[in-house]
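Let's take a relaxed stroll around this protein. Have a look at the model first, and then we'll go through a few spots on it.

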Amino acid sequence: MEPLLKITTIPIDVEVKINKATMEPLDNELPKVRISRDKGEFNIDAEPAKIQIDNTRMYNSIGLKKPLPRGIEYGEKGLSVCYQGVAKIVDNGVAVADGRTNASEIAKNEMVSDALSAFDHVTAFIPEDGPDISWKDGKLSINYTADKLNIDFDVHKTRFKFTPGSVELIVNQLPRVEIEYTGDPIYFPASANPNYQG
């Protein structure tokens, strides 16, 4: 005889859903570095040395003077020569008059004197004084300024969005027990059964 009841047990159906924690940046801007350069300078200031030569005293010693001093000197020499010439003529005249000399002797002495005078003019062209030499030292100035490198960091503060993790329990089906009657129906009273045979 088969059992009249069919018992079925249906277990609970639970779904576990895990959501991981996430962190997402809100800004996509990266840090920046700005580099700029200030150019340096290199300057050289040079002043050459100077040599000054003054030949005034040397020229004066050989009679090559400037026009004004030379004119004054020649004027004074002219007066002196005139005085000396007059005195010499007077002396020669007195000597001839006194019989101490004659005209030919005077002429010979004049020729010798002129020759010696010409020699004096030649030797006078050798300078007695040298040139005055002075100098001024040169100058060299170097000014160097190195390049300047400017670095500017723009550190960006990135903002993040944090979503915490979670665990979800989803009950798709509750547990239950199903009881199914598999036999024939029970009629009460028994006479109510269509297949009843009294």
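A residue is called buried when its relative accessible area is under 20%, exposed when that value is over 50%, and partly exposed in between. Keep in mind that what you see is a predicted model.

With that in hand, how many buried residues does strand β5 have? The count is 0 among its 7 residues, 41–47, so by that cut-off this strand is hardly covered. Strand β5 does have a partner, though: 7 bridges join it to β8, residues 139–145, and the two run antiparallel. One of the pairings puts E47 opposite K139, its bridge partner in β8.

Now for a greasier spot. I12, V14, V16, I18, V167, L169, V171 and L174 make up a nonpolar surface patch of about 800 Å². Two strands, β2 (13–19) and β11 (166–173), each supply at least two residues of that patch.

Here are two of the patch members side by side:

| Residue | Where it sits | Relative accessibility | Class |
|---|---|---|---|
| V171 | strand β11 | 44% | partly exposed |
| L174 | loop between β11 and β12 (176–181) | 61% | exposed |

Why does L174 count as exposed? Its relative accessibility is 61%, and the cut-off for exposed is over 50%. V171, at 44%, is partly exposed because that value falls between the 20% and 50% limits.

V171 also shows how distant parts of the chain come together. Leaving aside residues up to four places away in sequence, V171 touches I12, D13 and V14. Its C-alpha atom is 6.1 Å from that of E15, although V171 and E15 are 156 residues apart along the chain.

Methods. Residues numbered from 1 in each chain as written. Predicted model: local features only at pLDDT ≥ 70, side-chain atom pairs only at ≥ 80, totals over all residues. Heavy atoms only, no water. Patch = residues over 30% accessible without salt bridge, like charges linked within 9 Å, V, L, I, M, F, W, Y side chains within 5 Å. Areas by Shrake-Rupley, 256 points an atom, 1.4 Å probe, with all protein chains shown as cover. Salt bridge = Lys/Arg side-chain N within 4 Å of Asp/Glu carboxyl O. Helix = DSSP H or I, 4+ residues; strand = E, 2+ residues; numbered from the N terminus. Buried < 20%, exposed > 50% of the residue type's maximum accessible area, 1.4 Å probe, protein only. Pairing = 2+ DSSP bridges. Contact = heavy atoms within 4.5 Å.
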